[in-house]
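Hi,

Here is the structure I said I'd pass along. Have a look at it first, and my notes follow underneath.

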Amino acid sequence: MSFYSLDYLSNQNNLNSKLLFIVLIIAFVSAAFGFVASVRHRFNMRYRDLTIIAFLFFLFFGGLTYTNMQNSAAQNTQQTEMTAFAKNYAYDQKVKKKDISFNSTTMQDGMIAKEGKKYYQITLSKDQKSYSRTEVYLINDKVEVVK
């Protein structure tokens, strides 16, 4: 079972969207370079064809990036809520931030908090404005904490 530390929850990066953004920039630069080359060499159709291909790649990766940004916006909101919850939870339970971790990166009813060597199940209210916790015992105590 994987648990995520408070530092991990605070510093999550979306590598996939960064990679798509880099490919989008490369496709745009290629399309711009091809356009300049095709204007300079009007009679050479090779540059025009390469420009069209690069522009189509740009449109394709632009669409992927836009879709990815829409999907990750909701996920980022949930992760931000989880980070705020984790900080408040650590403060409320008087636990050091380095000693606490959760088995989820988003707020979910029934998630498990690891405080030192003890485990607690977090039960959220329907509006996710309050919680209760009960001590639980893991059947498989092989736990990996992602920092």
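**Salt bridges first**

Arginine 48 and aspartate 49 form a salt bridge, with their closest N and O atoms 3.5 Å apart. Bear in mind as you read that this is a predicted model. Neither partner is buried: aspartate 49 has 36% relative accessibility, so it counts as partly exposed, and arginine 48, at 45%, counts as partly exposed too.

The count comes to two salt bridges, and the other one joins the side chains of glutamate 115 and arginine 133, at 2.7 Å from N to O. That pair links distant parts of the chain, since glutamate 115 sits in strand 3 (residues 112-115) and arginine 133 in strand 5 (residues 131-136), 18 residues apart. Glutamate 115 has a relative accessible area of 12%, under the 20% cut-off, so it is buried. Arginine 133 comes out at 29% relative accessibility and therefore counts as partly exposed.

**The nonpolar core**

The largest nonpolar core is made of 17 residues. Those with the most contacts inside it are Met82, Phe85, Tyr89, Ile100, Phe102 and Ile122. At least two core residues come from each of helix 1 (6-10), helix 3 (45-92), strand 2 (100-102) and strand 4 (118-124). Helix 3 gives the most, with five residues.

If you want one residue to click on here, try isoleucine 122. Leaving out residues up to four places away in sequence, isoleucine 122 touches Phe85, Tyr89, Gln108, Asp109, Gly110, Met111, Ala113, Tyr131, Ser132 and Arg133. So two of the well-connected core residues, Phe85 and Tyr89, turn up in the core list and among the contacts of isoleucine 122, and Arg133 from the second salt bridge is another of those contacts.

**The surface patch and the annotated spans**

Phe21, Ile25, Phe28 and Val29 make a nonpolar surface patch of about 390 Å². Valine 29 lies in helix 2 (residues 15-40), and at 48% relative accessibility it counts as partly exposed.

What does UniProt have to say about residues 20-38 and 50-69? Its unreviewed entry places the feature "transmembrane region" at both spans. In the model, residues 20-38 are 100% helix and 0% strand, with the end C-alpha atoms 26 Å apart. Residues 50-69 are likewise 100% helix and 0% strand, and their end C-alpha atoms lie 28 Å apart.

That's what I have for now.

Cheers

Key
Residues numbered from 1 in each chain as written. Predicted model: local features only at pLDDT ≥ 70, side-chain atom pairs only at ≥ 80, totals over all residues. Heavy atoms only, no water. Core = buried A, V, L, I, M, F, W, Y, C linked by side-chain atoms within 4.5 Å. Buried < 20%, exposed > 50% of the residue type's maximum accessible area, 1.4 Å probe, protein only. Helix = DSSP H or I, 4+ residues; strand = E, 2+ residues; numbered from the N terminus. Contact = heavy atoms within 4.5 Å. Patch = residues over 30% accessible without salt bridge, like charges linked within 9 Å, V, L, I, M, F, W, Y side chains within 5 Å. Areas by Shrake-Rupley, 256 points an atom, 1.4 Å probe, with all protein chains shown as cover. Salt bridge = Lys/Arg side-chain N within 4 Å of Asp/Glu carboxyl O. UniProt positions renumbered as here; feature names shortened; annotations may be inferred.
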